[in-house]
Amino acid sequence: MMQFTESLPPQVSSFSSLMMNKNSNNTNNNQIQHARPWPGFHTSKNLGNIGDTNCMEQLLVHCANAIDSNDATLAQQILWVLNNIAPPDGDSNQRLTCGFLRALILRAAKIGTCKLLTANLNHSMETHKFSIIELASFVDLTPWHRFGFTAANGAILEAVEGYSIIHIVDFSLTHCMQIPTLIDAISTRVEGPPLIKLTVAGATEDLPPMLDLSYEELGAKLVNFARSRNVMMEFRVIPSSSSDGFSNVIEQLRVQNLIRPDNGEALVINCHMMLHYIPEETTVLSNSFRAMFLKAIRNLDPTIVVLVDEDADFTSNNLVCRLRSAFNYLWIPYDTVDTFLPRGSKQRQWYEADICWKIENVIAQEGIQRLERLEPKSQWVQRMRNANFRSSGFSEEGVTEVKNMLDEHAAGWGLKRDEEDLVLTWKGHNVVFATAWVPL
C-alpha cells in the first residue's frame, strides 16, 4: 500500500535526477503544445522551481508514465512530491495539480500499480445535486454556459421567425437552463407566441452538474413558467444514453417526423455540451456513433442545429497526451473561479468538485467508463460538413447580445469570431465554441 509520509522517500535523489534530465520522457511526449502566453504561466522547460506550473505538469507526466509502466517505487516518490506541493486549498495551479494528483492515485489503485486506500485521499470531493434555483444561479455566475445559451438563442430566434409551432429537441448538459430565456424572447413576438414543443434527451448517465429533481418535475416547472409568459408549451423527456448515440431519442424523432406538418413546424436541434459524451471520438469515420448521430439528425431535415461545446481534445488513447491536453485546458476554470466565488464558499466547493469529476474521468477511467471525450471545434466542423450541413453563422445582432452578456463578467473573458463561428476566450485562450448549422 502506498502511503504518504512526513519524511522524504529514500530514493528521491534518483527521482530528482530524472526531473533534471532534459532527455527524459518529456521528449517523447511533447506532441501537444502547452505554452500559456499570460503572466504566471511560464513557457520555460527549466524544472528548477518545483512549484512552477510547468514543473507540476512534468511531475504529473512522469507519474503517469510510472503508473502505467507499473513502477510503483517511482510513482510513490512523485506522488509524495506532488502531495506536498499541491494542497487542495492552494492557489489555482496547486488546486489544478491536486485534482490531477487525485486522479492519478485513483488510476494507480484501479490498475493495481499501488494498492492505495482511498483514506489516503484526505481531500475527497463529492459532486453536489443542485436544486433548480441553485443551478440557475450557478450557471449565471460565469459565461462558461451563458455564452452558449446567448449565442444559441439568438440563432434559434432568427431561424424560427414566422413559424407557429416550434419543436425544440434539447441535448443539454445543464438541464434546460437555456430554455426560460428563450421562452421570454419568444413571448414578445409581434405576431404572437407560437406553440413550443420541448423534447429533452434525459441522459441515463450521471453527469455533473446534477439535479435533485426528476425531469418530470422540471418539465412541470417549465410549462408553468411558459404559461406565465402566455406561451403554450408541451414537454416530454425521452430517457436515452449517450453510449449508443441517443438512439432512443433519434428513433422517436424519426417516427414523429413522418407526420410533421409541411412548413408549419420548425425543428430545432439544440446541442449544448452533450455530444462529446457520444463514443467513438477518435476519427471522422462514417460508421462512428457520432457520425451516425449527425446523419440521423440531418435526415430529420431540421430548421437549425446549434452545436456548443468546450474547445479541447481529450480523445487520445495515450494517457500522457490526454493528461497534457486536460492540464492545459482545465487550468482555465480554476483560474476563473477566483473572479466570481470567494474561498471557502459552498458554491466554490461544488464548482471545483465538478471539475475534479471531469479530471478523474479523463485520467483514471478507460473504455466505456471514460465519458469525457472532448473534440476541438475544427473536428466538429468537419463532422457537420460530412453530415451535409452548412454553417449559417450568427448575425451582428446576435454577436452584440453575446458581447453585452460578457460585459457583465470579469475582464479576462473575450469573444473571438472564427469564420462564421463564435469562440469564448479566457485571457486569449479558447474555452467554448458556438456553431449554427442548416441542412445543405
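User: How far apart are the end C-alpha atoms of helix 6 (residues 143-159)?

Analyst: This is a predicted model, where local features need pLDDT of at least 70, side-chain atom pairs count only at pLDDT 80 or more, and totals for chains, interfaces and linings use all residues. Residues are numbered from 1 along each chain as its sequence is written, and side-chain values use heavy atoms, leaving out hydrogens and water. Helices here are DSSP runs (H or I, at least four residues), numbered from the N terminus. With 17 residues at 1.5 Å a residue (the expected span is 1.5 Å times one less than the number of residues), helix 6 should span 24 Å, and that agrees with the end-to-end C-alpha distance of 23 Å.

User: Okay, and how many residues of helix 6 are buried?

Analyst: Buried means under 20% relative accessible area, exposed over 50%, and partly exposed in between (1.4 Å probe, protein chains only). Helix 6 is largely enclosed by the rest of the structure, because its buried residues number 14 of the 17.

User: Which residue in helix 11 meets Glu366 in a salt bridge?

Analyst: A salt bridge puts a side-chain nitrogen of Lys or Arg within 4 Å of a carboxyl oxygen of Asp or Glu. Glu366 meets its partner at 2.7 Å, N to O. The pair links distant parts of the chain, with Glu366 in the loop between helix 12 and helix 13 and its partner 44 residues apart, in helix 11. That partner is buried, at 0% relative accessible area: Arg322.

User: What is the relative accessible area of Glu397?

Analyst: Glu397 lies in helix 14 (residues 396-406). Glu397 counts as exposed, with a relative accessible area of 62%.

Note on methods:
Helices (H or I, at least four residues) and strands (E, at least two) are DSSP runs, numbered from the N terminus.
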